[in-house]
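Got your viewer open? Here is a short walk through one model, with something to select at each stop.

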Amino acid sequence: MENVNKKAVSSYFGALTFDQKAMLKKLPKEVYQALQKTIKTGNKLSEEIAGAVAHGMKEWAMENGATHYTHWFQPMTGATAEKHDAFLSIDRDGTAIERFSGGQLIQGEPDASSFPSGGMRTTFEARGYTAWDPSSPAFLMKGGKGYTLCVPTVFISYHGEALDEKTPLLRSMDAVSKSAIRLLGILGVDNVSRVNTYAGAEQEYFLVDRKFYSMRPDLIMSGRTLLGAMPPKGQQLEDHYFGSIPNRVLEFMQEVEEELYLLGIPAKTRHNEVAPHQFELAPIFERANIAADHNLLVMEVMRRVADRKGFALLMHEKPFAGINGSGKHNNWSIGTAEGMNLLEPGDTPESNIQFLVFLAAVLKGVFKRSAVLRASIASIGNDHRLGANEAPPAVVTVFLGELLEKVLDAIEAGKVDFATEKQVLNLGLAHLPILNKDYTDRNRTSPFAFTGNKFEFRAVGSSQPISVPNMVLNTLMAEAMDELANEIQEKIDGGVEKDAAILEVLRAEITATKPVRYQGDNYSENLQEAAANRSLPNLKNTPQALRSLLEVDTREMFSRYGVLSDQELTSRLNTRLERYVKGIDIEARTLQLMLKTFVIPDVSEYQGELASSYNALVEASSRIGVSDKALKSQGAHLKELAENLSDLLDLTAELDVVIAKLGSVGEEFEAADFCAEVVLPSMDKVRAVADHLELMVDRSKWELPTYSEMLFEH
Ligand code: ADP
Ligand code: MG
């Protein structure tokens, strides 16, 4: 990279994207205009225009040093996929030239059979294709010695089923727009062309030195440590959070930011997080589909830069036991394309009523679909966070803050009659954004908190693409807005005056959704009780959470809003279950391997030394007059080691049996339950003994890098 460091960011922001500026420069005017129209309407590009766009894009990419292009998409693997093709082509007369056709730009054919389809292959053709998504700009990805032109695409089967995570997200954004425009219309707001949802994903991550990482099979295979005793100093001093950033890390961050700026990704905030070696990057929010693409790129760029800098990037939700895990706060809002945030309380009575209606829609949607929302972020890694007292819990509740609670309570209690209500709303909400921010910042334990003019969904895992949770949020919101619109319309049709109808519905919804509002400490036992008393779903692990996707009512919601067909939902469920089971199988086998090839040999070797030294002592004891007491305590030490080692051997054998059983336990949910209820506890049990032994064994015999080394050495 040229020395962009010294230049103002604004001068090179987006320089590696085929953005408006690049398009204007590289495309004939009529081609540019046709493309803009397509982006706006979502219609297909004509072949001729596509050819011209492809030509301009290729010229631009080559000027920036690209030799290859790839369709860039998001299969259901939780990552992105790419397959590079050279622009190079050989003419009939043998001359080499660079070519990139309209067809190559708009459509590609990766081998769909190597991506998960969650069973859709059994009923449908395996072949799938990628199709250009012009709403997300093409970009040049740095890697190796040069750049590759990446064309963001959706990935669909020849019958139109979504094989990726992006298609449903785009569909859910259409659903939101339709429902919101209808509801706004009833509220008297016309002339809205489009309503979008917006997302800003605060990304947490760990960096550890590459030399330690490469000596830990567990980090390499599963992204988390499966063994490791807590160091004497953990995070109890809380001296890392917002502390000064170590220089080596700062350099990493700066390099990441430069690359992100070139890619048009608005990285905004960087800081230390709670745990040692844990950090955060937050971008400026964008339209949810763009934010989802950009978050994937953020993770990718961080991984590459970390490699270059001698770090390993840990994106796992819980890389170290006993130390805070990593999440991804998904800030989410809904607003018009014209720039009106529908979750922003205003300073007129009308805008406050509008705000309250959209707030009620969020409460209604999250209350009704909290299990689906929980399912959207269920994963092996995130299970370690959501149960523990450090992250939003498995129960999804909404935090609104004191002021808003008061307003809703007053409306519910009927303390505000219709004649004066508007006034009260006006007075109470004018300063909400500022006040509420303070309140919500004090309750960091809530999984779904209102923060002034947006909601913050804090239960998303650090490694998860945000497309799925945002797709679910959008869909539940589309449904709730529609239902509110129906309720209000019904009253109006029944002869109730419009404002009165709106307020009556508001009051009823505030009462109905009350159980989902929770203002207390979400880490305390009280929440568990409240969840039980209020019949809120409390889904402790991934298989439990994923079961909610079997419910007919859930499936109907997704198909009614055109987001996921029954078949597509099933395929996602199957894929997620399969990933869960395979992931835990890999973890268990990795642990097994580490126990057998590191821990047991290391402990045995040390035990051998200890035993020889003890024997030698016994032999010499009468000669040199060693006391019985001394012999006894040294014997006890050896005994403790031996007993622990034999426990370790027994539990390792137990784990062997469990792993063998997993292969034959049944399918899908049965296997997933077995993982959650038998495999993971078996791993925990043997780990406890291994970690105890780590603290007894001669350090020079312990081959695995320790927590102290990984977390406290720079
Ligand atoms: P914090 O949560 O650490 O207090 P902020 O609230 O300032 O930080 O912002 C966190 C994230 O929320 C940022 O990524 C920011 O861009 C995003 N954000 C701010 N406003 C909105 C909005 N209206 N919709 C979606 N995301 C938003
Ligand atoms: Mg935040």
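We'll begin at the ligand, then visit a single helix and three helix pairs. Keep in mind along the way that this is a predicted model.

**Stop 1: ligand 1**

Select ligand 1 and bring up the 15 residues around it. Which of them come nearest? Gly200, Phe285, Asn331, Ser333 and Lys454 do, so label those five if you'd like some landmarks. 

Now colour the strands β10 (195-209), β12 (278-283) and β15 (328-336), as each one supplies at least two residues of the shell around ligand 1. Which element gives the most? That's β10, with 4 residues in the shell. Colouring the shell by residue type gives you 7 nonpolar residues, 6 polar and 2 charged.

**Stop 2: helix α3**

Next, select residues 29-41, which make up helix α3. Put a distance line from the first C-alpha to the last: α3 has 13 residues and reaches 18 Å, close to the 18 Å expected at 1.5 Å a residue. Step just past the end of α3 and click on Gly42, where phi turns positive, at about 80°.

**Stop 3: α7 and α11**

Now for the pairs. Two packed helices are described by the angle between their axes and the distance between the axes.

Select 166-187 for α7 and 288-308 for α11. Their axes lie 9 Å apart, and the helices pack at an angle of about 155°. Angles over 145 degrees count as roughly antiparallel, so that is the label for α7 and α11. The crossing here is right-handed. 

Show side chains for Leu169, Leu170 and Met173 in α7, which meet Ala288, Asn289 and Ala292 in α11. How many of the contact residues are charged? There are no charged ones, just 5 nonpolar and 1 polar.

**Stop 4: α15 and α19**

Hide that pair and select 402-412 (α15) together with 498-512 (α19). Here the angle is about 115°, with 9 Å between the axes, and the two helices are therefore roughly perpendicular to each other. α15 and α19 make a left-handed crossing. 

To see the contact, pick Leu408, Ile411 and Glu412 on α15, then Leu506, Arg507, Ile510 and Thr511 on α19. By type, the contact between α15 and α19 has 4 nonpolar residues, 1 polar and 2 charged.

**Stop 5: α23 and α24**

For the last stop, select 566-624, which is α23, and 628-662, which is α24. These helices pack at about 160°, their axes 9 Å apart, and that angle makes α23 roughly antiparallel to α24. What hand does the crossing of α23 and α24 have? It is left-handed. Colour the contact of α23 with α24 by type and you'll find 21 nonpolar residues, 7 polar and 4 charged.

Technical notes
Residues numbered from 1 in each chain as written. Chains lettered and ligands numbered in written order. Predicted model: local features only at pLDDT ≥ 70, side-chain atom pairs only at ≥ 80, totals over all residues. Near = placed C-beta within 6 Å. Nonpolar A, V, L, I, M, F, W, Y, C, P; charged D, E, K, R; others polar. Expected span 1.5 Å × (residues − 1). Axes fitted to C-alpha atoms, helices over the stretch in contact; angles between N-to-C directions. Parallel < 35°, antiparallel > 145°, perpendicular 65-115°, else oblique. Left-handed = near helix turned anticlockwise from the far one by under 90°. Contact = placed C-beta atoms within 7 Å.
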